[in-house]
Every structure is written in structure tokens, then in C-alpha cells.
Amino acid sequence: MHDIRSIRENPNGFDEALAKRGVAPVSTDILKLDEERRALTTRLQEMQSRRNEASKAIGQAMGQGDKDKAEALKAEVAEIKRSMPEVEERERALGTELETMLATIPNLPAEDVPQGADEDENVEVSSWGKKRDFAFTPLEHADLGPALGMDFETGAALSGARFTFLRGQMARLHRAIAQFMLDTQTAENGYTECNPPVLVNDAAMYGTDKLPKFAEDSFRTTDGRWLIPTSEVSLTASVAGEIIADLSQPIRLTAHTLCFRSEAGAAGKDTRGFIRQHQFEKVELVSICRPEDSEAEHERMTGCAEGILKALDLPYRKMLLCTGDMGFGARKTYDLEVWLPGQGAYREISSCSNTGDFQARRMNTRYRTEAGGKKTNFVHTLNGSGLAVGRTLVAVLENYQREDGSVAVPDALKPYMGGAEKLVAA
């Protein structure tokens, strides 16, 4: 959500920032609605004031025996009471229209975000790790996985396209990856482990900018709840409406949850294999902090996600997304892309975003700027994958595969695999 006051103060700057994201100028329409709504608010205040004054004057006129004046005042009060609901309704309608308009406008990009149209104009910030040399042609996970327990056919038979049934050692490796991530983010990186609901209400989805923009990409139950597309929704919304007394240190939360996406906006993309599923798991990272801390927290969060890839010895690159590829609610985003030798390409495995106060305004989440003081300010919220569990499984399969079809278990995961050295075909 955008601050209407900042738009009033600098409409041209607002439009210029949106233009970097390919959005047409909207400040004129916003300010027109805002001006009309504010005029009605002023009119209502004047009507209420006059109604109170006239009501008081009726008693005075009656006390003075001036019945004509009293009757005229009664008629005036009656007319004000008759006309006020219409004005109030119009003011509410304009307020709703203004809020709806503001809610559908993406966040403004940070100054250091490169301008570009799509992913081709993202900027590589750094890379890590050495790509493995294979003495054979490495397979894609979709070809390698079935013999090891990655059952696409049963998943499709049970639930349709983009569902997978993991069996035996493959299911255990998937669980091991999630446990390793969660342990690392809590024990080493200071995140508090949470186990949040995966069903949330409209307010939680709206507050984290998933509504109304991404309604078609989400699953909704018959009783009106939403299956979370990421636990960012549950974790971030856990502070909705709060005034945090002390935010001298960021609040850092993590969770390993199921996630659900209908992918209505991604029809036909990554339909093969385990990359893009309707049901998947992630270890999510969320931070709530002061505005002055959010840039450093963004770098720290991204580093926490990178640490998992380093521990698993998976080559990756860090990309700064351009304005045309950045998410709706983000002001700055780093993507981590892991190398998949079977595909011969880098693929996204984590996206870490600083949303500034964009979500906080929608959730009305603030903090006290001084201990015990009354002044408050909106918090900044950040979110990132630390990491996507299924995509990490894919990366392990493709990078640790052997010519005989087995897959070596990374050293970091062996304690979670009962000491197993490798996955072998059944």
C-alpha cells in the first residue's frame, strides 16, 4: 500500500518511479479521488458541526419563546439528518475506490534497482562454487529420479498434473533437506522456528499483498479461506495490527510448511519434473525491522539463504532483479539461481525481497520509535526462501548424480539420512 501523503507531496516522482516498472502515470487519477473524498470529509464535518449548533440553538429559541425560529432550526436539523447518509455513503465509496486503486499499484523500486523489461535484464552480482565435470552426460532430475523414488505417475493419477509422489529414500532425502535448512536457520542464523497455519483469511492474504493481485494463482477453500502460497503470508501477518514496543533488534521468523499455488499465470511453464508443483515445501525466512535496518537485513537474509547452498556445495549465482522482473510487493529483490547440470542452466531456488513499508501499511503494523514513547512508524518487512525444498532436492540429484544412476548424499545431509552414503535404484 502506498502513502497517499507522499503522492500528494510528489506526484511526479511517484509516476516516474512507477514508470521504471512499466506502469502508466496514475497520480492524477489518485489525487482526483483523494481530493473529492477529502472535500466530502470536510463537508461532513461541517454538517455535523452545524447540526450540533442548530440543535443547541433550538433549546435556546424555545426558552426565549421564539417558536418560529425554533421550528426553522428543527427543519434545518431534519434536512441535515436526511442528507448526511447520502454524503457519508459517497465518502465511503470514494474511500473504497481509492484504497482499491492504491492496492493494485506495485511497490516503488529502490534507487539501486536496475531498470529493465524482463529477466534478461537482471544483473549478476556474484557467483559461487565450481560446476562439476562429469565423465558422462548428466541427466535431468525428471529422467534420473523415477528409479530412485520420484514417482510422477502416481502423483498425477492421484491429483493430476504437477503433483508428485515421493517414496522411500527419495522422501527421506526431501525431509532431510528441510530439517537441515530449518536447523541451520534457527541454530546458526538466529531465526525463531514457527509452525503457522497453512489456511489463512482474506486479511492475511491482503496484508501481504497477495490479494487482490494474485487471487487467481492461489487455491481457495469452500469456506473462504486461502491455502498459503508461501509461509511468508502466515509469518508476516502474525504481527498484523500490532504496535511493537521494541524493535531495536529485527524480529526473525522461519517455518517449514507446505505451500500451494494454482499457477494460473504460469500455464505451460515447467510442466515436466519437480520444478513447478501445485503443492510444494519451503523453509521461509521473514524479518520485521526498522526502516533504517532493512537494507542491511536484506543482505543478511540473502546471505543466510546462500549459506545453505554453500553447505551443500551447490554452485549458484546471485542476481539483482530488474524492475520488470521484480515481484509486485518488492522494492528490491535478489534471486539465487542454482546450477542444474542436467538442464545445463541456472534455475531460481530462492528469492529474497525487501518490501519496505508496503506490506506494513496494508497490515497497519508499526513500532514505537522510542522506548515508552508515543510516536510510531511503520515497520519494514522482508521475506525470502531459505530455501525451496523441492528445488534443492532437484539440485542435489542433478549435481550429485553418478554414472551408474545413483546419487551421492551431500556430507551436510548424511546425519539426517542415518549415515546413508547414496541413493540407489530399487
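Here are some numbered notes on a predicted model, going through its salt bridges, a charged patch, a buried leucine and a few unusual backbone spots.

1. Let's start with the salt bridges. How many does a search of the whole structure find? The count comes to 30. A few of them are worth looking up in the viewer, so have the structure open while you read.

2. Take Arg50 and Glu76 to begin with. They form a salt bridge whose closest N and O atoms are 2.6 Å apart. Arg50 belongs to helix H3 (residues 27-63) and Glu76 to helix H4, so this pair ties together parts lying 26 residues apart in sequence. As for cover, Arg50 is partly exposed, at 31% relative accessible area, and Glu76 is partly exposed too, at 29%.

3. Next up is Glu297 with Arg252. Here the closest N and O atoms of the salt bridge are 2.7 Å apart. Glu297 sits in helix H10 (residues 294-311) while Arg252 sits in strand E8 (residues 251-260), so a helix and a strand get tied together across 45 residues of sequence. Are these two charged residues buried or exposed? Glu297 is buried, with a relative accessible area of 3%, and Arg252 is buried as well, at 17%. The cut-off for "buried" is under 20%, so Arg252, at 17%, still counts.

4. Helix H10 turns up again with Glu299, which makes a salt bridge with Lys318; the closest N and O atoms are 3.5 Å apart. This pair links distant parts of the chain, with Lys318 in strand E10 (residues 316-320) and Glu299 in helix H10, 19 residues apart. Lys318 is buried at 8% relative accessible area, whereas Glu299 is partly exposed at 34%. Salt bridges can also share partners: Asp3, Arg5, Asp357 and Arg361 are joined into one network that way.

5. Now for some charges that gather on the surface. Which residues make up the patch of negative charge? They are Asp118, Glu119, Asp120 and Glu121. You'll find Asp118 in the loop between helix H4 (67-103) and strand E1 (123-128). Asp118 has 34% relative accessibility and counts as partly exposed.

6. For a contrast, click on Leu340 in strand E11 (residues 332-340). With 1% relative accessibility, Leu340 counts as buried. Leaving out its neighbours within four places in sequence, Leu340 is in contact with Ile275, Ala345, Arg347, Val394, Ala395 and Glu398. If you'd like a sense of distance, try Gln45: its C-alpha atom is 64 Å from that of Leu340, and the two residues are 295 apart along the chain.

7. Time for the backbone. Most peptide bonds are trans, and most residues other than glycine have a negative phi. Against that background, the peptide bond from Leu211 to Pro212 is cis, with omega near 0 degrees. Pro212 is in the loop between helix H8 (202-207) and strand E6 (226-227). Another cis peptide bond joins Gly386 and Leu387, with omega about 15 degrees, and Leu387 is part of strand E15 (residues 380-388).

8. Last, two aspartates with a positive phi. Asp209 has a phi of about 60 degrees although it is not a glycine; you'll see Asp209 in the loop between H8 and E6, where Asp209 is buried at 4% relative accessible area. Asp313 is not a glycine either, and its positive phi is about 55 degrees. Look for Asp313 in the loop between H10 and E10. Asp313 counts as partly exposed, at 37% relative accessibility.

How values were computed: Residues numbered from 1 in each chain as written. Predicted model: local features only at pLDDT ≥ 70, side-chain atom pairs only at ≥ 80, totals over all residues. Heavy atoms only, no water. Patch = residues over 30% accessible without salt bridge, like charges linked within 9 Å, V, L, I, M, F, W, Y side chains within 5 Å. Areas by Shrake-Rupley, 256 points an atom, 1.4 Å probe, with all protein chains shown as cover. Salt bridge = Lys/Arg side-chain N within 4 Å of Asp/Glu carboxyl O. Lys, Arg positive; Asp, Glu negative; His and termini not counted. Charge placed at Lys NZ, Arg CZ, Asp CG, Glu CD. Helix = DSSP H or I, 4+ residues; strand = E, 2+ residues; numbered from the N terminus. Buried < 20%, exposed > 50% of the residue type's maximum accessible area, 1.4 Å probe, protein only. Contact = heavy atoms within 4.5 Å.
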